[in-house]
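Me: Please take a close look at one part of the structure shown here, and then at what surrounds it. I am new to this subject, so explain each term when it first comes up.

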Amino acid sequence: TIRALLASRKGGPLILDAGMGTGLGRLGLSEKQCWTAGYRTDDAQVREAVLAVHRGFLRAGCDVLTANTYNVSKVNAQSVLGLGTAEAAAHEERCIKASIDLARSAIATHAHETGRAFEGVLFASLGCFGTTILGRGETANRLHSDDEQALRVPGYGVPQATLEDFHRTRAASAIAAGVRSLAFETVPDLHEARAIAAVLAELQPTTPGLEALVMFTCRDAEHVDNGDRFDACCEALAQCEPVVAVGLNCTEPRLVPALLAAAARAAPGKPLIAKPNSGEAYDMRERAAKTLPTSKVVTNWQPAAGGAISAAEFGDMARHWHAACGAALVGGCCRVGHEEIAAIAAACAECDPPSDADPPAPPGAPAGQVHTC
């Protein structure tokens, strides 16, 4: 479990993987193939590409591998594939299991190739409700038009029961496939955080070993993407026992230190997660971005403010997020790939275990999370 792995780790943080869609795109898959890969596990080209991306992250040194289940849902099966209600629910369960099996296959192949068993944890990636809204985009750093921005409202404008059902059935599908470690990613909303907490509390009594990571996508150092305060979102999860760690993903790297400090204050005792993107901005003003998925390779990413971040620089930043900001789990999201994860693993391998000489944790930070590199 991730709890056991965190407890046994001496020195550096746990290394998360990064963007599956980024990896698939770099292998030449189109935007449509990347976006629908979780539904296309019977497509040989897509299967091999997903396996290659997983194996690349394992070679890079990740401790946490996430199955390609991020945007698989019965809602998308109905709206994108045109399936009926019952058929869409069955398709959701089948595709989540198939994607988990693919990740397991990658782990087995890596173990055979290296002669070393994978000692990390396999998670099911569960994206936010925003994945069901065509053309919305999940990354908080983007260039957008007024009508696109209008899609970002608290609670998505739907009842909390809708959000709970969305997360409940996907979590149940992952659990049925044998994975009780769930990664809720790019959550932009306080209502959705509460829905996730409710679903986890509901599932916990019948799911021994249930554990979750919850990551928010943030528009600035204080707010998640739909406008709620980030600290309020973390606070909503502070008393949820299955939530092992909280933090951010698909957020600009420059915002990480302030957000980690806020999370530590709002959810004391929870380990912290830093899984930002490359800092590049996705241009939602392009016609193609509003009509996802397309048959073209993704070209709508614009350079990061201040220039591109090299893999080595990303690794150095991750070491700082751990040593100075308390991140217990570090990785990447969109536009972050194998090279950056390898750099993070190398940089954080230099972290020393905590000692009596280490500086005290900042107010509200969980003990034992501030190390010296």
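Reply: A residue is called buried when its relative accessible area is under 20%, exposed when it is over 50%, and partly exposed in between, with a 1.4 Å probe and only the protein chains taken into account. This is a predicted model, in which local features need a pLDDT of at least 70 and side-chain atom pairs count only at pLDDT 80 or more, while totals for chains, interfaces and linings use all residues. Residues are numbered from 1 along each chain as its sequence is written, and side-chain values use heavy atoms, with hydrogens and water left out.

The part to examine is strand β6, which covers residues 211-216. Helices (H or I, at least four residues) and strands (E, at least two) are DSSP runs, numbered from the N terminus. Six of the six residues of β6 are buried, so the rest of the structure largely encloses this strand. In a regular strand the side chains alternate between the two faces of the sheet. In β6 both faces are covered, since E211, L213 and M215 on one side are buried, as are A212, V214 and F216 on the other.

On one flank, β6 pairs with strand β5 (residues 181-187) in the parallel sense over five bridges, where two strands count as paired if DSSP finds at least two bridges between them. Within this pairing, L182 stands opposite A212 of β6. Between the two strands the chain passes through helix α9 (residues 190-203), and this β-α-β crossover is right-handed, meaning that, with the strands pointing away from the viewer, the path from the first strand over the helix to the second runs clockwise.

β6 also pairs with strand β7 (residues 243-249), again in the parallel sense and over five bridges. Here A212 faces V243, while the bridge partner of L213 in β7 is A245. Helix α10 (residues 230-235) completes a right-handed β-α-β unit together with β6 and β7.

These pairs belong to an open, parallel sheet of eight strands, whose order is β1-β11-β8-β7-β6-β5-β3-β2. At its edges stand β1 (14-15) and β2 (64-67), each with a single partner strand, so one side of each is left without a neighbour in the sheet. Strands of a sheet pair through backbone hydrogen bonds, either parallel or antiparallel.

From the backbone we can turn to charged side chains. A salt bridge here is a side-chain nitrogen of Lys or Arg within 4 Å of a carboxyl oxygen of Asp or Glu, and the count comes to 15 of them. One of these joins two strands of the sheet, for K275 and E185 meet at 3.3 Å, N to O. The pair links distant parts of the chain, with K275 in β8 and E185 in β5, 90 residues apart. K275 is buried at 4% relative accessibility, and E185 is buried as well, at 5%.

Another salt bridge joins D63 to R9, with their closest N and O atoms 3.1 Å apart. D63 lies in the loop between α4 (44-60) and β2, and R9 in the loop between α1 (2-8) and β1, so the pair ties together parts that are 54 residues apart in sequence. D63 is buried, with a relative accessible area of 13%, whereas R9, at 30%, is partly exposed.

K270 is a contrasting case, found in the loop between α11 (256-266) and β8 (272-275). K270 is buried but takes part in no salt bridge, and the nearest side chain of opposite charge, E241, is 7.2 Å away; in this reckoning Lys and Arg are positive and Asp and Glu negative, while His and the chain ends are not counted. The K270 side chain does reach the backbone oxygen of C240, at 2.8 Å.

Finally, a word on cysteines: the structure holds zero disulfides, a disulfide being a pair of cysteine sulfur atoms within 2.5 Å. C95 counts as buried at 3% relative accessibility, and C34 is buried too, at 14%.

Methods. Polar contact = N/O pair within 3.5 Å; in protein donor to acceptor, adjacent residues only side chain to side chain.
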